[in-house]
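Student: Could you take me through one part of this model in some detail? I'd like a close look at a single helix and whatever surrounds it.

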Amino acid sequence: MHTRMFFKILFQLLFLFLLPLYNVSAQQKISIKAHLDTENKLINVEEQISFTNTSSQSLNTIVLNDWNNAYSGNDTPLGRRFSDEFVRSYLLAKDMDRGSTSLLSVVDSENQSINFIRPDKNPDLIEILPKKPILPNQSFSFTVSYTLKIPNDKFTRYGFNSDNIFVLKNWFLTVARLEENGFVKYSNENLDDIANSETDYDVAFELGKKYHIFTDLNVDRKTENENSRTHYLSGKKRLDFDLTAEIKPTYHNYKNELGEVVTNLRDRRLNEIQKAMVIDKITNFVAAEMGSPKHEKIIISQVDYDRNPFYGLNQLPAFLSPFPDHFLYEIKFLKVYTDKHLKTTLHLNHRKETWIYDAFQSFIIMKYIKDNYPEMKMMGNLSDFKLLKGFNIFKADFNDQFTYVYLLMARKNLDQAVGDEKDTFIKFNEQISGKYRAGLSLNYLDHYLGNDLVLQSIKEFTALNQLRPTQEADFEKILKSKTTKNIDWFFQTVIHSRNLIDFKITKVRAKNEFLDVTIKNKTKTNVPVSLYGLKNDSIVSKHWIENITSDTLITIPKNDAEKLILNYHKEIPEYNTRNNWSSLKSFFGNNRPFKFTFIKDLEDSKKNQVFYVPEFSYNLYDGVSPGLSLHNKSFLDKPFIFDITPVYSSKTKQLIGGAFFTVNQNIREDRLYNIRYSLGGNTYHYAPDAAYMKITPSISFRFRDLDYRLNKKEFVTIRHIFLNREKSDYVTVKDENYSVFNLRYSQIKSEISNSYNFMTDAQIAGNFGKLSGEVQYRKLFNNNQQVNLRFFAGTFIYKSTSSDFFNFGLDRPTDYLFDYGLLGRSESTGLFSQQYIMAEGGFKSKFQNRLANQWMTTVNGSFSIWNWVEIYGDAGFMKNNAQKAEFLYDSGIRLNLVPDYFELYFPVYSKNGWEIAENKYEEKIRFVITISPKTLISLFTRKWL
């Protein structure tokens, strides 16, 4: 027997011998006596903690996680995260819906009082201050008495709800994870990544007799008195535990040789026998791929799934779902079960090394789909309809969505390194895209190494977690022990950087039975790439090519290949696959035919896609104008975008419309993250008998903070507007042809409670020059009251024309740059003249003198008084040549029905007097309305991504 094999077997036998001994108990022990007051939503707790210092240094404090106290206010880390993510319900929450922890006493084993503090920046942590330092391996026992106020579950789905169901998660005090350099101090940020020490629990949980509890702890026994029932629970070596109390039981128990699953995952289409078969199938699959679960009992709840559903399956209501009933239940259960299995088994720093959880979970889900549903499509049974077979989205395999969702963020330059800490991720990356990217990365490594080495490493790593806390370095060490290949690139580049992967075949030349292939690394990211040879769509060769950092020439056997394709099976999370193939039969190498597709589709690497979409527009002079948009915008952003939209004017019987061409240059590691080069033009009618033509070349620079979670951006836009207006018998036209050079800088910073916008604008033309700037500020108070303030100032640098057309507008801009969606831009009376645009002076009342040819300063404000009803007021000065500066003001009621989309303004009092008492008051009412289909669609998509 070889020496290496001997030691391997010896290690395995030793591991099997030590494992049951290790599972006897944890270093930390907690005993809890808790009484749930279901009427007042309180839990009274007496908790005995026996702490052992497992580090090599003396400790002066013991850190406890008190994540329930994170719900106590808007200034906690949880409150600030909700504000960043625009969770309005939390900001406006009533006291009865908030959670908190009232600490009554902390005493040692001799009943002597112990001091404690809450860190100012971490109110959901408690630092216990023993009177003497705790030496390495020394134990210290103390008792904490406290009262928990349970939060409403509408914020995180944890807490109480109107049906008197209590879903308790991270509710009690726990000892924070202790590492060699000290305690891990993480606040609750709604990320499900609490850092606890491994602990043995004994719990006596008392509540009303009509309630049933469901938990993943062992239920040892129960006792009753006249009004309540006490459940005695226990668990060994737990990082956490779940507990739900409800009057009407919704959970069911399922048992097999691996243990017990307690679940209330909803599905009305499967009976209990079918569910039991699904659960047995998945638990055995996961055990075979990752090892048996650490604990014999696992809770799989609907709340867990609702907090983090499978993206795509949750986008349609159940009655429209194109997937088989059993498949839906399998994927839902698999999603939650793998998450629970990993969180109870892996003893990692979850916030710091979240990519390991995410990678293991997504990798196992992809493997499950591949093994059990290899023919399942991304759009399910809809792919069977002949009418839809021409769309790539209906051809794509189910697992392809992992790649597309990652690319959705990468193409927007919003992806983040999956190895970053979890609390640095923006919401979509944290919940969806980052998880998928981590799984794709592990799948990439699996294809590169082959022989199921990744799966073997996963099983070995999860087994190691049974013995001790682990970290990324342990997983890396296990992987490297199984291969002679260099995989440093995987950790350094694929996991811990944002570097994109993009290879391209630039040239192929045949030499007898060999091919000289030139491969270009477009992003200079040094990782291996797969090269396939195909004949009649069958693979005839495969090679892994390494160390391609620039244009590289390689020689490979031809093997009768007709095509060469990089990354054919998409095992590499590559940024762009449209340049990955070359035909040996085509003179052009990868000549792509045009493909016209209705509305939108996924990207097709083999075709030049043109999408056609019916459009319509409306203004007073063109009427309802149908058109057709021809563009190349797929579901994923592209570097080059065009949109050509011919439109038929139903009133003038003429062809109008526009065309826009844009080149996006994304910059990866800098505050300047995007440069956009654009050329656009359009023509519509500005009067019943006259049209305008506008052509605008522009370049814009976009900046952001390197902390992606900060909702702060800056923009610099340089453009030159060329305009031509036809003469009209209805409107006096001066300066028919003119051009304006325009330079703009803007800054935006926003969250749910505060929003700040700043903009400056400089315009230079042949007969005028002007400067302007505006500041907008919005504050939302805890009582749902909102105040909006805006300050505007503008002045002419020079002006050599007598035309009023370029003047500042007090109540409505003249819009000589044709930037705004005015429905009747030349109207001075009637309904269309009452359309309101928040620009320049921003007044709502109309005055006889409404234009300024020298300078203007105004202040606009509004304050909410009830729901969407607000009061507004405007005040300011305007100055015309040869006249004194004039002070004006107005006030009234604003109905903010759909902000920025449909609003009404009712003037009440202004410098004109009591406007509400004047004749023809209906002509003074102003309105904001949006009828553009594209803009209206954005109303429903602006919440997420």
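Tutor: Let's go straight to the buried residues of H9, bearing in mind that this is a predicted model. They are Gln 401, Phe 402, Thr 403, Tyr 404, Val 405, Tyr 406, Leu 407, Leu 408, Met 409 and Ala 410. That makes ten of the eleven residues of H9 buried, so the helix is largely enclosed by the rest of the structure. What does the covering of those buried residues include? H7 and H10 are both part of it.

Those helices turn up again around a pocket. H7 (354-372), H9 (400-410) and H10 (427-449) are among the elements that each give at least two residues to the lining of the second largest pocket. Helix H8 (392-395) and strand S26 (563-566) also supply at least two residues each. Which of the elements gives the largest share of that lining? It's H7, with six residues.

The second largest pocket holds about 1600 Å³ of space. Its lining runs to 50 residues, and the closest to the pocket centre are Asp 397, Asp 400, Tyr 568, His 569 and Lys 570. Sorted by class, the lining has 20 nonpolar, eleven polar and 19 charged residues.

Now follow H10 to its packing partner, helix H11 (residues 453-464). The two helices pack with their axes 8 Å apart, at an angle of about 120°. H10 and H11 are therefore oblique to each other. On the H10 side the contact is made by Leu 442, Leu 445, Asp 446 and Leu 449, while H11 brings Leu 453, Val 454 and Ile 458. By class, that contact has six nonpolar residues, no polar ones and one charged residue.

H12 (residues 472-480) ties several of these pieces together. Its buried residues are Glu 472, Asp 474, Phe 475, Glu 476, Ile 478 and Leu 479. What do they pack against? The partners are H7, H10, H11 and helix H13 (488-495). An α-helix has 3.6 residues a turn, so residues three or four places apart point the same way. You can keep that in mind when you look along H12 in the viewer.

From H13 you can step into the loop that joins it to strand S21 (503-511), where Asn 499 sits. Is Asn 499 buried, exposed or partly exposed? At 36% relative accessibility, Asn 499 counts as partly exposed. If you leave aside neighbours within four places in sequence, Asn 499 is in contact with Arg 437, Thr 493 and Thr 525. Residue 437 falls within the span of H10 (427-449), and residue 493 within that of H13 (488-495). Thr 525 is 26 residues from Asn 499 in sequence, yet their C-alpha atoms are 6.4 Å apart in space.

A bit further along the chain, have a look at Asp 537, in the loop between strand S23 (529-535) and strand S24 (538-545). Its phi is near 65°, a positive value in a residue other than glycine. Asp 537 is exposed, with a relative accessible area of 58%. Lys 920 gives you another case: it isn't a glycine, but its phi is positive, at about 55°. Lys 920 lies in the loop between strand S46 (913-914) and strand S47 (926-929), and at 55% relative accessibility it counts as exposed.

Last, the enclosed spaces. The structure holds seven cavities of 30 Å³ or more. About 170 Å³ of space lies in the largest cavity. Of the 19 residues lining the largest cavity, Asn 68, Tyr 71, Tyr 158, Lys 169 and Asn 170 lie nearest its centre. The class split in that lining is ten nonpolar, six polar and three charged.

The second largest cavity has about 80 Å³ of space. Tyr 158 and Lys 169 are in its lining too, along with residues including Asp 242, Tyr 251, Ile 299 and Asp 304. Strand S9 (166-168) and strand S17 (243-246) each supply at least two residues of the lining of the second largest cavity. Here the residues divide into six nonpolar, two polar and three charged.

Definitions and conventions. Residues numbered from 1 in each chain as written. Predicted model: local features only at pLDDT ≥ 70, side-chain atom pairs only at ≥ 80, totals over all residues. Heavy atoms only, no water. 1 Å grid on protein atoms, 1.4 Å probe; cavity = no way out; pocket = protein on both sides within 12 Å on 5 of 7 lines; lining within 4 Å. Points joined across faces, edges and corners; volume = space filled by probe spheres on them. Helix = DSSP H or I, 4+ residues; strand = E, 2+ residues; numbered from the N terminus. Nonpolar A, V, L, I, M, F, W, Y, C, P; charged D, E, K, R; others polar. Axes fitted to C-alpha atoms, helices over the stretch in contact; angles between N-to-C directions. Parallel < 35°, antiparallel > 145°, perpendicular 65-115°, else oblique. Contact = heavy atoms within 4.5 Å. Buried < 20%, exposed > 50% of the residue type's maximum accessible area, 1.4 Å probe, protein only.
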